[in-house]
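Work through three short exercises on the model shown here. Each task is followed by a stepwise solution.

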Amino acid sequence: MGVPVIGRVSDIRHIANEGDTILVDGDNGTVVVRPNRPLVHGFEQRMSLSQKRRAEFAAIRNLPAETRDGQRIQLMVNAGLAEDAAMLEATGADGIGLFRTEFQFLIAAQLPGRESQLRLYRKVLESAGDKPVVFRTVDIGGDKALPYLAEDEKDESENPAMGWRALRLSLERKALMKAQARALIEASAGRTLRVMFPMVSEPWEYEEARALFEEQVQWAKSAKRGGPKKIEFGAMLEVPSLAETLDMLLPRVDFLSIGTNDLTQFLFAADRADPRLAERYDWLSPAILRFLRRVNGEAKAAGVPVRVCGEMAGRPLEAMALIGIGIDSFSITPAAVGPVKAMVRSIDAGAVKEKVEALLAKPPPKMRKSLADWAKRHGVAIG
Ligand code: PEP
Ligand code: MG
């Protein structure tokens, strides 16, 4: 939404008083309480610079996300509310690569029924027009607890991220998933329905979810409720175990979407919500990049398209590294479309691939610095 937000500022309520002027610098992660004049002046100058950059991003809105050597990168946006679909127009993105359907569940006072889900999905598809929308079935449970779930269904485990959430919950609460499947099927009448499942750990979970959808398609047909002209099924790869069974999964999916937010917390065994660990592991580590390169390589060899939909892909330097390992489709937060597109249009993909391969063959101690230095030397727009 373009609203600067800083989290994890300890003791802020003792430092700031009501009515204080506060400068919030979301780019650098700093907050200044009761700033003096020179600070305010400096801040205003930086703000006008960032407005200038925003105007530059707006100017490339209708230009393709294409590298200097002619590689087209698909840039889609992550969304969760009906209003987010407007972002497609504003950013010029290629579609919605991740529609987080659980948002509707999280903001409601009670479990949204099939009808209200149907209304939302229709609205989103209508505003997307010809552009594709990938709906992710609900990722609730764990830290995205629904206050109206029954007491015994609330997760009070110590590790909610690794708990009874997402597809694990959906496969045991089939009525919930059935209602969602019916709403999605009916909303996509006459179009292509793209649906993916979160937190798939083993291929059988994907199979069970897909079978449930296919049964509902049959039901919709027999009930003369109409249905999509085609369904594309995808799995989210965010649990590392799935990477070991790609040979079983890939022949059965139409696409793979890598959720790097969850994936990296599981790869590093580091809670994504723990502030003490926030700076410890880097997305630009050889471990992450080699892992993603392997998954992408296997999927591409099987003819399955791969998209990265975690926050990692919304950062220009990280997105450059992802292009370097062969990934060519991203779904990112709308505010990141401009900066990432500017980066894409400034690179030679062939040269980036060569560099990233060389770095991954013999990783330097500071991967991020090596990549950033190289990017600067080669005129890459990393902001
Ligand atoms: C992810 O885990 O990277 C992802 C896109 O899903 P979410 O952030 O909604 O868990
Ligand atoms: Mg996730």
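**Exercise 1.** In this predicted model, classify how helix H12 (residues 316–324) is oriented against helix H14 (residues 349–361).

*Solution.*
1. The two axes come within 8 Å.
2. They cross at roughly 85 degrees.
3. Angles of 65 to 115 degrees count as roughly perpendicular, so H12 is roughly perpendicular to H14.
4. H12 contributes Met320, Ala321, Ile323 and Gly324 to the contact. H14 contributes Ala349, Val352, Lys353, Val356 and Glu357.
5. By type, the contact of H12 with H14 holds six nonpolar residues, one polar and two charged.

**Exercise 2.** Find the protein donors of the magnesium ion (ligand 2) and state which parts of the chain they link.

*Solution.*
1. The donors are Glu238 (OE) and Asp262 (OD), at 2.1 to 2.2 Å from the ion.
2. Glu238 sits in the loop between strand E7 (230–237) and helix H9 (246–249). Asp262 belongs to helix H10 (residues 260–267).
3. The pair therefore ties together parts 24 residues apart in sequence.
4. Buried means under 20% relative accessible area. Glu238 has 2%, so Glu238 is buried. Asp262 has 3%, so Asp262 is buried too.

**Exercise 3.** Sort the residues of strand E1 (residues 22–25) by face, then describe the pairing of E1 with strand E2 (residues 30–33).

*Solution.*
1. In a regular strand, side chains alternate between the two faces of the sheet.
2. In E1, Leu23 and Asp25 form the covered face. Ile22 and Val24 form the uncovered one.
3. E1 and E2 run antiparallel, joined by four bridges.
4. Ile22 stands opposite Val33 of E2.
5. Four residues lie between the strands of this hairpin, and Gly29 takes a positive phi near 70 degrees.

Notes
Residues numbered from 1 in each chain as written. Chains lettered and ligands numbered in written order. Predicted model: local features only at pLDDT ≥ 70, side-chain atom pairs only at ≥ 80, totals over all residues. Heavy atoms only, no water. Axes fitted to C-alpha atoms, helices over the stretch in contact; angles between N-to-C directions. Helix = DSSP H or I, 4+ residues; strand = E, 2+ residues; numbered from the N terminus. Parallel < 35°, antiparallel > 145°, perpendicular 65-115°, else oblique. Contact = heavy atoms within 4.5 Å. Nonpolar A, V, L, I, M, F, W, Y, C, P; charged D, E, K, R; others polar. Donors = N, O, S within 2.8 Å, 3.2 Å for Na, K, Ca; no water. Buried < 20%, exposed > 50% of the residue type's maximum accessible area, 1.4 Å probe, protein only. Pairing = 2+ DSSP bridges.
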